[in-house]
Amino acid sequence: MNFRIEPAGSAGRIERKPDEARDNRKTRVGKMGRWIGVVAAALLLAAPSTALAQKGKGKGKPPATPTTPAAGAAGGNVDDLDAPPAGTPTTPPAGGDPTTAQPTGDTGGGGGGICEIDPSACPKGQDLGEAAKRNVKAEIYAVEQIYALRYHRFELNPYWGFTLNDQFVSHPGPGLSANYYLTNVLAVGLNGNFYSGLNVDSAFNFETRRASRVAVPLNELSWSAALDFTYVPVYGKFAGFSNFIFSYDIYVAGGVGAISTRPIPVIDPDNRKFDFAPKIAFNLGIGLRIFLTRWLAANLEIADYIFPEKLEQLTIGTGPIGAKPTDLGYKTSPSNPDTWLQDGVSITNHVQAQVGLSVFLPFSFNYRLPK
Amino acid sequence: MRTVVKTLAAAAVGTIVAMSAVEPKAQAQEIQLTGPLAGAKAVRKLRLYREGRFEIAPSVSFSLLDEYRRAIITGVRLQYNITDWLGVGLWGGYGLGYNTDLTDQIDTVANRTSRTAINLNHTGNGTTIAYKKLPFGDQVGQIQWVANPQLTLVPFRGKLALFQALFVDTDAYLHAGLGIVGLQERPDCSTTCTTTASFALGSRVAFAPTFGLGLNFWLMDLISLGVEYKAMPFSWNRGGFDSRGGGTNGAFPDNKIDSNDQTFKFNQMISIQVGFALGTRKTSE
């Protein structure tokens with residue numbers, strides 16, 4: 001712990017030094033370590049006790065020498081957690097360990113030993129005044145000690161997807177994302193979905209067809225796979241009923257891959273039969289991850305898979321049914337697969353909610369962030 | 001082939017075990033159950049944005065997964081927060097609608113014939129006067145207004161950091177209540193369902209449970225920004241079709257428009273709201 005010992009006039013309160021000063025102090029101590037070690041040892045022999053400094057008569061009068069905190073100092077605002085236990089030697093070890101309490105030249109007031117050793121380094125009252133006015137650019141984290149670090153960890157995210165934007169055919173199904181976090185906020189990974197056999201043709205399609213004699217071209221999905229990048233711009237923590245705390249983060253993910261789809265034959269189901277075919281697909285999503293432990297999180301993501309879709313032709317060929325490629329009129333035959341699909345493509349958005357778990361590997365990690 | 005699968009499976013298991021075994025020191029990061037903070041409250045000096053405050057929140061809601069007509073409901077939520085985690089309130093709004101692409105397609109493509117006479121808006125009778133199209137959009141149902149008394153439970157309260165540059169107090173809440181929904185819907189008819197007049201929309205009030213969840217971002221003591229999901233499942237005849245009531249299990253048309261044609265719909269909407277809290281914000285111990 002770092003201490004600063006104020007002059008008697010300020011009640012001799014012992015305070016923690018800001019973290020910011022630690023590095024500067026290390027440098028300074030490194031240069032002056034030997035000097036300070038010698039001086040501190042001498043001062044310890046002659047130093048008045050902390051209690052003596054707290055008597056405070058003659059406010060503003062600098063102490064003759066700085067003091068070190070006495071074990072269990074009574075009556076002062078001593079931070080007990082930081083105070084050395086009773087009987088602990090207060091003499092700094094040889095070499096000036098910066099983590100032990102020791103007086104330095106900036107102890108305020110008259111300076112004391114450092115002024116005798118190096119008058120040019122002796123702090124002046126006006127210097128302290130100027131120093132107090134300076135802008136301190138302390139680095140303060142809004143959320144300290146991130147509960148679960150992602151840096152250099154794998155994330156396995158099994159989930160179940162629900163269709164959000166297709167009232168005609170829903171495409172529920174399982175999926176899996178596997179990501180590796182290059183930094184604490186950026187990951188690269190793979191994502192896959194499996195839909196085959198799970199597509200649900202809504203009853204309202206049939207009822208609409210029956211009532212209005214109008215058919216809507218429908219499509220079903222088989223699978224998708226993509227290379228994804230994930231970025232985590234938002235993180236924080238929640239208190240539940242003011243009783244427990246859990247951490248969460250919000251991420252965005254995007255990538256490119258393929259999705260396999262095919263039309264469901266509704267216009268001419270007697271003659272048309274479609275095979276699944278992969279198309280290029282882009283995906284973009286935003287997700288919420290609630291950490292249950294440091295390696296397990298509940299996960300909700302809204303993902304949009306965007307791809308060019310081929311739709312079933314709304315008209316039926318007028319040629320002979322059952323014609324073979326060599327037959328006359330095959331070109332316009334309902335049996336000719338070239339007549340089954342519409343020209344061009346339709347850009348399709350498949351938006352799905354993905355509910356699942358995130359497992360981070362390895363399960364544990366070393367904390368390397370400063371906060 | 002089997003050997004390859006076994007080898008891959010063994011490699012995968014080995015990799016997971018190996019990764020799991022790395023750096024066991026993190027156990028030291030677990031929350032200490034002893035020490036000066038043992039038994040202390042999870043949160044101190046919590047800003048109580050809700051407790052004892054009355055809130056007025058104008059909102060705009062957008063319906064999801066609509067088949068024939070979308071609804072945009074402008075409304076307001078009035079809520080009194082008894083505690084910071086429990087509130088009672090009323091949300092209400094008036095809806096404006098617009099047709100989906102399917103409605104436009106039906107309107108454009110569907111022919112008006114004797115087969116569709118009971119289902120598609122038209123003039124004429126097919127015998128002395130030929131059938132002629134009238135807008136299909138005029139017969140589809142829509143949510144006209146909603147009144148929704150509800151309870152709000154706010155179990156989660158926290159903060160959000162965006163790019164470590166924007167910080168905002170946030171709470172997550174659940175809500176549940178009773179939805180009283182004013183519908184514009186094709187009215188019942190039994191013998192004259194092919195006439196033009198039978199397609200004119202009538203009013204009906206439906207009741208439905210409502211539930212959902214939301215996030216509230218407290219931009220300042222008085223103002224919050226919220227996004228909310230609400231589900232409001234009930235049955236109604238969205239297309240104005242005769243689709244049920246006859247045949248086996250009533251699954252076929254019966255040439256009538258009645259409650260059998262009201263099919264279940266898991267109505268959903270997303271709302272965005274700006275809340276204005278009245279009263280002094282408190283702070284917990």
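# Two chains joined across a strand pair

In this predicted model, the bridge partner of Phe238(A) within strand S7(B) is Gly158(B). That pair belongs to a longer register, in which S8(A) and strand S7 of chain B, covering residues 142–162, run antiparallel and are joined over seven bridges. The description below begins with this meeting of the two chains, then follows the elements of chain A that take part in it, and ends with some local features of both chains.

Taken as a whole, the contact between the chains involves 34 residues of chain A and 42 residues of chain B. On the side of chain A that touches chain B, the elements that supply two or more residues are helix H5 (203–212), strand S8 (218–240) and strand S9 (244–264). Of these contributions, the largest share is that of S8(A), which gives eight residues. Sorted by class, this side of chain A holds 20 nonpolar, ten polar and four charged residues.

Each chain can also be considered by itself. Chain A contains five helices and twelve strands, and of its 371 residues 30% are buried. When the contacts in chain A between residues at least 6 apart in sequence are considered, 63% of them join residues at least 24 apart. The secondary structure of chain B, by comparison, consists of two helices and 16 strands, while buried residues account for 33% of the 285 residues in that chain. Among the contacts in chain B with a separation of 6 or more, residues 24 or more positions apart account for 66%.

Helix H5(A), one of the elements on the side that touches chain B, has as its buried residues Phe204(A), Glu207(A), Thr208(A), Ala211(A) and Ser212(A). Why can these residues of H5(A) be said to line one face of the helix? Viewed down the axis of H5(A), the buried residues fall within an arc of 100°, and therefore they line one face. The cover over the buried residues of H5(A) includes a part of the other chain, namely helix H2 (101–109) of chain B. Just after H5(A) comes Arg213(A), whose phi is positive at about 60°.

The strands S8(A) and S9(A) form a hairpin with three residues between them, and in the turn Phe241(A) adopts a positive phi of about 50°. The two strands of this hairpin pair in the antiparallel sense over 20 bridges, and within that pairing Ala225(A) stands opposite Ala258(A) of S9(A). S9(A) is further joined by 14 bridges to strand S10 of chain A, residues 277–291, again with the two strands running antiparallel. In that second pairing, Asp249(A) has Arg289(A) in S10(A) as its bridge partner. S8(A) therefore has to be read with two pairings in mind, for the strand pairs with S9(A) over 20 bridges and with S7(B) over seven bridges. Through S9(A), the description reaches S10(A) as well, since 14 bridges join those two strands.

Some features of the backbone lie elsewhere in chain A. The peptide bond that leads from Leu361(A) to Pro362(A) is cis, its omega being near -5°, and Pro362(A) is placed in the segment after strand S12 (346–361) of chain A. His152(A), which is not a glycine, has a positive phi near 60°, and is found in the loop between helix H4 (125–133) and strand S3 (154–163) of chain A. With 16 C-beta neighbours inside 10 Å, His152(A) counts as partly exposed.

In chain B, Leu65(B) likewise has a positive phi, of about 55°, although this residue is not a glycine. Its place is in the loop between strand S2 (54–64) and strand S3 (69–81) of chain B, and with 19 C-beta neighbours inside 10 Å Leu65(B) counts as partly exposed.

Is Leu183(B), a residue of strand S8 (residues 166–185) of chain B, buried or partly exposed? Leu183(B) has 22 C-beta neighbours inside 10 Å, and so counts as buried. Leaving aside residues up to four places away in sequence, Leu183(B) touches Gly141(B), Ile143(B), Gln144(B), Ser203(B), Arg204(B), Ala206(B) and Trp236(B). The C-alpha atoms of Leu183(B) and Val146(B) are separated by 8.9 Å, and these two residues are 37 residues apart along the chain.

Key. Residues are numbered from 1 along each chain as its sequence is written. Chains are lettered from A and ligands numbered from 1 in the order in which they are written. This is a predicted model: local features need pLDDT of at least 70, side-chain atom pairs count only at pLDDT 80 or more; totals for chains, interfaces and linings use all residues. Two residues are in contact if their C-beta atoms, placed from the backbone, lie within 7 Å. Helices (H or I, at least four residues) and strands (E, at least two) are DSSP runs, numbered from the N terminus. Ala, Val, Leu, Ile, Met, Phe, Trp, Tyr, Cys and Pro count as nonpolar, Asp, Glu, Lys and Arg as charged, and the others, Gly among them, as polar. Two strands pair if DSSP finds at least two bridges between them. A residue is buried if 20 or more other C-beta atoms lie within 10 Å of its own, exposed if 12 or fewer, and partly exposed in between; C-beta atoms are placed from the backbone. The arc is that of the directions from the helix axis to the C-beta atoms.
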